[in-house]
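Reader: Could we go through this structure together? I would like to begin with any enclosed space inside it.

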Amino acid sequence: MNIGELAKRTGLTASKIRFYEKIGLLKTVKRKANGYRTYPPEAVMVLDMITTGQQAGFSLDELRTLLPGDLSQWDHNQLLGTLQQKVKELEDIEQKIAHNKAKLLAVLNEIEAKPQDMDCAQNAERVMSQFGWDILTSQGNSKKEQ
């Protein structure tokens, strides 16, 4: 199939397909006598793997080492190890996100718990001091000292 048909089947642009070929991710391309590229049906699968891999967080360099030049020559141990490592990385990211979300929710809850008789600046100082962020307090003290 030609590059236009491959682009339609995969939803990728022709320039992105050429890019993947140039950096060595798409190795199944052949050239006709007239110089035009021709792709076998498995090129669709390879491009889907690349797209799915990127969506899962793999870099192009990681995918280059992961995908074999010949799709019938997978290295089982390397594949398993790489996928397990990526799952671990994603779990670490999830933990960081959960921790950051919990902190933000705690700050949000404190801001929302503003006493009726307190203005916004006083509430900000109250919240910040509760979290050990005494920036406003120290700025206020240094202004008073001047």
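Author: This is a predicted model. Leu-25, Leu-26, Lys-27, Thr-28, Val-46, Leu-67, Pro-68, Gly-69 and Leu-71 line its largest cavity.

Reader: How does that lining divide into nonpolar, polar and charged residues?

Author: Six of the lining residues are nonpolar, two are polar and one is charged.

Reader: What volume does the largest cavity have, and how many cavities of 30 Å³ or more are there?

Author: The volume of the largest cavity is about 60 Å³. The count of cavities of 30 Å³ or more comes to one.

Reader: Let us take Gly-69 from the lining. Where is Gly-69 found, and is it buried, partly exposed or exposed?

Author: Gly-69 lies in the loop between α4 and α5, the latter being helix 76–112. Its relative accessibility is 46%, so Gly-69 counts as partly exposed. The C-alpha atom of Gly-69 is separated by 16 Å from that of Phe-19, and the two residues are 50 apart along the chain.

Reader: Turning to the nonpolar core, which residues of the largest one touch the most other members?

Author: That core has 20 residues, and those touching the most other members are Leu-6, Ile-17, Tyr-20, Leu-26, Tyr-39, Leu-47 and Ile-50. At least two residues of this core come from each of α1 (3–10), α2 (14–22), α3 (42–55) and α4 (60–66). The helix giving the most to the core is α3, with five residues. Leu-26 appears here and also in the lining of the largest cavity.

Reader: And the aromatic side chains: how many aromatic pairs are there?

Author: The count comes to two aromatic pairs. One joins Phe-19 and Tyr-20: the ring centres are 6.0 Å apart and the planes stand at 50°, so this pair is tilted.

Reader: Why is that pair called tilted rather than stacked or edge-to-face?

Author: Planes under 30 degrees apart count as stacked and those over 60 as edge-to-face. The planes of Phe-19 and Tyr-20 are at 50°, and therefore the pair is tilted.

Reader: Are Phe-19 and Tyr-20 buried or partly exposed?

Author: Phe-19 has a relative accessibility of 38% and so counts as partly exposed. Tyr-20, at 2% relative accessibility, counts as buried. Tyr-20 is also one of the core residues that touch the most other members.

Reader: Which residues form the stacked pair?

Author: Phe-131 and Trp-133 form the stacked pair, at 5.2 Å centre to centre and with 25° between the planes. Phe-131 counts as partly exposed because its relative accessibility is 30%. Trp-133, at 37%, counts as partly exposed as well.

Reader: Where does the charged end of Lys-86 sit?

Author: The charged end of Lys-86 sits over the ring of Phe-58, at 5.0 Å from the ring centre.

Reader: Two single residues to finish. What is the place of Arg-18, and how accessible is Arg-18?

Author: Arg-18 belongs to helix α2. With a relative accessible area of 35%, Arg-18 is partly exposed. A separation of 9.7 Å lies between the C-alpha atoms of Arg-18 and Val-29, which are eleven residues apart along the chain.

Reader: Then Leu-79: which helix is it found in, and is it buried or partly exposed?

Author: Leu-79 is found in helix α5. Its relative accessible area of 24% makes Leu-79 partly exposed, because buried means under 20%. The C-alpha atoms of Leu-79 and Leu-66 are separated by 6.5 Å, with the residues 13 apart along the chain.

How values were computed: Residues numbered from 1 in each chain as written. Predicted model: local features only at pLDDT ≥ 70, side-chain atom pairs only at ≥ 80, totals over all residues. Heavy atoms only, no water. Phe/Tyr/Trp six-rings, centres within 6.5 Å; stacked < 30°, edge-to-face > 60°. Buried < 20%, exposed > 50% of the residue type's maximum accessible area, 1.4 Å probe, protein only. Lys NZ or Arg CZ within 6 Å of the ring centre and 35° of its normal. 1 Å grid on protein atoms, 1.4 Å probe; cavity = no way out; pocket = protein on both sides within 12 Å on 5 of 7 lines; lining within 4 Å. Points joined across faces, edges and corners; volume = space filled by probe spheres on them. Nonpolar A, V, L, I, M, F, W, Y, C, P; charged D, E, K, R; others polar. Core = buried A, V, L, I, M, F, W, Y, C linked by side-chain atoms within 4.5 Å. Helix = DSSP H or I, 4+ residues; strand = E, 2+ residues; numbered from the N terminus.
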